[in-house]
Amino acid sequence: MMHIQVGHRDLDLGCGPGIDTIPLAQFVGRNGQVIGLDIDNKMIEVANKKAIDEGVTDRVIHKHIDANSIPYHSDHFNSCRSERLLQHVAIPWAYLI
Ligand SMILES: C[S@@+](CC[C@H](N)C(=O)[O-])C[C@H]1O[C@@H](n2cnc3c(N)ncnc32)[C@H](O)[C@@H]1O
């Protein structure tokens, strides 16, 4: 459903330890980018270590950022996914398009 293509920039909101960002690297290819955001810095550390271990740091970045204040313009990404984040935020419907 995300229609991911080689070269795309894709966002994983509430990425946790990078379980999904790492596999997404295969879909976007070397010229694409996957950005995972999570409010828990420990999760970001685990995810970044996983990216190093899997050799995908050229295209997978994890950042310690609150989903309530995403520092990207809405057209920065080709697609966005989020798994098991909405139960953690105060106003989940604010994330619906
Ligand atoms: C149940 S985990 C799911 C992680 C990952 N999406 C997965 O499916 O493996 C929920 C994640 O949402 C993150 N989270 C909760 N509130 C958040 C917020 N306001 N902004 C960003 N991440 C948040 C938590 O730190 C946690 O890593």
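**Exercise 1. The ligand and its contacts**

Which N or O atom in the side chain of R84 matters here can be left aside; how many Å is such an atom from an oxygen atom of the ligand?

*Solution.* Please keep in mind that this is a predicted model.

Step 1. Start at the side chain of R84: one of its N or O atoms is 3.2 Å from an oxygen atom of the ligand.

Step 2. Look at how much of the ligand is covered. On its own the ligand has 600 Å² of accessible area, and the protein covers 87% of that.

Step 3. Turn to D38, where a polar side-chain atom lies 2.6 Å from a ligand oxygen atom. For A67, the contact comes from the backbone: a polar atom there is 2.8 Å from a nitrogen atom of the ligand.

Step 4. Now take in the whole shell. The ligand is surrounded by 16 residues, and the closest are G14, D38, D66, A67 and E83. Sorted by class, the shell has 7 nonpolar, 4 polar and 5 charged residues.

**Exercise 2. Two residues with positive phi**

Find where H3 and R84 sit along the chain, and decide whether each is buried or exposed.

*Solution.* Step 1. Begin with H3, whose place is in the segment before strand 1, residues 9-13. Its phi is near 50 degrees, a positive value in a residue that is not glycine.

Step 2. Check the surface of H3. Exposed means over 50% relative accessible area; H3 has 62% relative accessibility, so H3 counts as exposed.

Step 3. Go on to R84, in the segment after strand 4, residues 79-81. R84 is also a residue other than glycine with a positive phi, here near 60 degrees.

Step 4. Apply the cut-off again: R84 reaches 63% relative accessibility and therefore counts as exposed.

**Exercise 3. The cysteines**

How many disulfides does a search of the whole structure find?

*Solution.* Step 1. Recall what we are looking for: a disulfide is a covalent bond between the sulfur atoms of two cysteines.

Step 2. The search of the whole structure gives 0 disulfides. For C15, the nearest cysteine sulfur belongs to C80 and is 11 Å away, and C15 is in no disulfide. Seen from the other side, C80 is in no disulfide either, with the sulfur of C15 as its nearest, 11 Å away. The cut-off for a disulfide is within 2.5 Å.

Step 3. Compare their surroundings. C15 has a relative accessible area of 6% and is buried, while C80, at 45% relative accessibility, counts as partly exposed.

**Exercise 4. A histidine in a strand**

Which side chains make a polar contact with the side chain of H62?

*Solution.* Step 1. Locate H62: it is found in strand 3, residues 60-64.

Step 2. Judge how H62 is placed. Buried means under 20% relative accessible area, and H62 has 4% relative accessibility, so H62 counts as buried.

Step 3. Follow the side chain of H62. A polar contact of 2.7 Å joins it to the side chain of T21, and another polar contact, of 2.9 Å, links it with the side chain of N48.

**Exercise 5. The aromatic pair**

What is the arrangement of the rings of Y72 and F77?

*Solution.* Step 1. The structure holds 1 aromatic pair. Y72 and F77 form it, with 5.1 Å centre to centre and 70 degrees between the planes.

Step 2. Planes over 60 degrees apart count as edge-to-face, and the pair of Y72 and F77 is edge-to-face.

Step 3. To finish, note that both Y72 and F77 are buried.

Definitions and conventions
Residues numbered from 1 in each chain as written. Predicted model: local features only at pLDDT ≥ 70, side-chain atom pairs only at ≥ 80, totals over all residues. Heavy atoms only, no water. Buried < 20%, exposed > 50% of the residue type's maximum accessible area, 1.4 Å probe, protein only. Phe/Tyr/Trp six-rings, centres within 6.5 Å; stacked < 30°, edge-to-face > 60°. Helix = DSSP H or I, 4+ residues; strand = E, 2+ residues; numbered from the N terminus. Near = heavy atom within 4 Å. Polar contact = N/O pair within 3.5 Å; in protein donor to acceptor, adjacent residues only side chain to side chain. Areas by Shrake-Rupley, 256 points an atom, 1.4 Å probe, with all protein chains shown as cover. Nonpolar A, V, L, I, M, F, W, Y, C, P; charged D, E, K, R; others polar.
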